[in-house]
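User: Please take a close look at one part of this model, the loop that carries a buried serine, and set it against the nonpolar residues of the core and the surface.

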Amino acid sequence: MTIAQPSAQDGRAQEAPTGSGAHLARDRGLGLWLVITGLVAAVGSFMLLYERVLLWQDPDHVTGCDISPWVSCGQVMESWQASTFGFPNIFLGVVGFPLIIAIGIGLIGGVRLPRWYWGGLQAGVLFALGFCVWLWSQAVFVIGALCPYCMVVWAAVIPMAVVVTARNILHGVIPGSEALRRATEGWWWVVILLLYIAAIASIVLNFPQILSA
């Protein structure tokens, strides 16, 4: 198996890997991932924005995803965690995810991004993943309610962050040993699966009433 070596200019591989992560090392393949996950996350974000605007207009508005006491977008959006930085978190998604889509479209079209840009994208997706994990923990363990639209966003951010990280490891943007690159090439999808399992397990363990409903 040949492990890609990055070029000094933009972190692109001189020779692409040939394992299960080969399509991630090709920017067009990664671009498709970014477009799909970005679209899903953007839809969730704009649905949240729509419901948030309706709540601003009518404090008694019942959101379309207020299904039960423990499945309620409205309850989550009215918590302080929904405006962590002093403004609604929704704005981060409304601005950020269309940018991800644009990057994905550019990669599919053959645009070559410089190495520093990949570093910035890496920082952005890791921030998004970390923030989503924190919001998830707050919803599950503190607020005690699930927001379906938020969950759509979180579900899209997981593969988005993992595939960008995998690509950057394979291309040397993130320094690592040959063993790390080999593991990334073959097992990146396992990380996505484990994160989904952990999220589902937290719901099942903390909201058993959903299963009995």
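Analyst: What follows covers the loop, then the surface patch, then the core. This is a predicted model, in which local features need pLDDT of at least 70 and side-chain atom pairs count only at pLDDT 80 or more, while totals for chains, interfaces and linings use all residues. Residues are numbered from 1 along each chain as its sequence is written, and side-chain values use heavy atoms, leaving out hydrogens and water.

The loop between α3 (73-77) and α4 (90-108) contains S79; helices are DSSP runs of H or I with at least four residues, numbered from the N terminus. S79 counts as buried because its relative accessibility is 14%, where buried means under 20% relative accessible area, exposed over 50% and partly exposed in between (1.4 Å probe, protein chains only). Its side chain reaches the backbone oxygen of V76 at 2.6 Å.

F85 also lies in the loop between α3 and α4, but at 44% relative accessibility F85 counts as partly exposed. F85 joins V53, W56, F87, F91, L92 and F127 in a nonpolar surface patch of about 620 Å². Both α2 and α4 supply at least two residues of the nonpolar patch.

In the largest nonpolar core, which has 53 residues, L34, L121 and W154 touch the most other members; such a core joins buried Ala, Val, Leu, Ile, Met, Phe, Trp, Tyr and Cys residues through side-chain atoms within 4.5 Å. With 13 residues, α6 gives the most to this core. Leaving aside residues up to four places away in sequence, L34 touches I100, I103, G104, L107, L121, M160 and V164, contact meaning heavy atoms within 4.5 Å.

Definitions and conventions:
A polar contact is a pair of N or O atoms within 3.5 Å; within protein, one must be able to donate a hydrogen and the other to accept it, and residues adjacent in sequence count only if both atoms are side-chain atoms. Patches are made of residues with over 30% relative accessible area and no salt bridge: like charges are joined within 9 Å, nonpolar side chains (Val, Leu, Ile, Met, Phe, Trp, Tyr) within 5 Å. Accessible areas come from the Shrake-Rupley method with a 1.4 Å probe; for residues, only the protein chains shown count as cover. A salt bridge is a side-chain nitrogen of Lys or Arg within 4 Å of a carboxyl oxygen of Asp or Glu.
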